[in-house]
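Student: Could you walk me through this model before I go back to the bench? I'd like to start with confidence and then get to the packing.

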Amino acid sequence: DNVIAIKAKDGKAEDVKAALEKRKEDVIQSFEQYLPDQYEKAQKGLVITKGNYVFLVIVGEAEQIDQDMNKAKEIVDSYFS
């Protein structure tokens, strides 16, 4: 699992988002040739931007990855309502 939360400096959120998207791609590639359940989980990972806060979330159990990712997004969203 990967959970990264970063508070970017003003005007830098897009740079942080790009870096976290790159990290997500690196994780996907690391599982591409083996561990298909981890590969699927990495593919479904999310980069969420809320103002200056940027999150990378790759979490969950293989058999319920969609529900776990939705729950993680709801938790992040709940702090910015």
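**Confidence, helices and hairpin**

Tutor: Within the chain of this predicted model, confidence is lowest in α2, where the mean is 93, and highest in strand β3 (residues 53–58), at 98.

Student: And what is the mean pLDDT of the chain?

Tutor: The chain has a mean pLDDT of 95, and 100% of its residues reach 70 or more.

Student: OK, on to the helices: at what angle do α1 and α2 pack?

Tutor: Helix α1, which covers residues 13–31, packs against helix α2, residues 36–43, at an angle of about 165°, and their axes are 8 Å apart. Angles over 145 degrees count as roughly antiparallel, which is why α1 is described as roughly antiparallel to α2.

Student: Which hand does the crossing have, left or right?

Tutor: The crossing of α1 past α2 is left-handed.

Student: Which residues make that contact?

Tutor: From α1 the contact uses Lys-24, Val-27, Ile-28 and Phe-31, while α2 contributes Gln-38, Tyr-39, Ala-42 and Gln-43. Sorted by class, the contact of α1 with α2 has 5 nonpolar, 2 polar and 1 charged residues.

Student: Switching to the strands, how many bridges join β2 to β3?

Tutor: Strand β2, residues 46–50, is joined to β3 by 5 bridges, and the two strands run antiparallel. To take one pairing, Val-47 has Leu-56 in β3 as its bridge partner.

Student: And in the hairpin, which residue takes a positive phi?

Tutor: That residue is Gly-51, with a phi near 65°, in a hairpin of β2 and β3 that has 2 residues between the strands.

Terms used:
Residues are numbered from 1 along each chain as its sequence is written. This is a predicted model: local features need pLDDT of at least 70, side-chain atom pairs count only at pLDDT 80 or more; totals for chains, interfaces and linings use all residues. Side-chain values use heavy atoms; hydrogens and water are left out. Axes are lines fitted to C-alpha atoms, for helices over the stretch in contact, and angles run from 0 to 180 degrees between N-to-C directions. Helices (H or I, at least four residues) and strands (E, at least two) are DSSP runs, numbered from the N terminus. Angles under 35 degrees count as roughly parallel, over 145 as roughly antiparallel, 65 to 115 as roughly perpendicular and the rest as oblique. A crossing is left-handed if the near helix is turned anticlockwise from the far one by less than a right angle, and right-handed if clockwise. Contact means heavy atoms within 4.5 Å. Ala, Val, Leu, Ile, Met, Phe, Trp, Tyr, Cys and Pro count as nonpolar, Asp, Glu, Lys and Arg as charged, and the others, Gly among them, as polar. pLDDT is the predictor's confidence in each residue, from 0 to 100. Two strands pair if DSSP finds at least two bridges between them.
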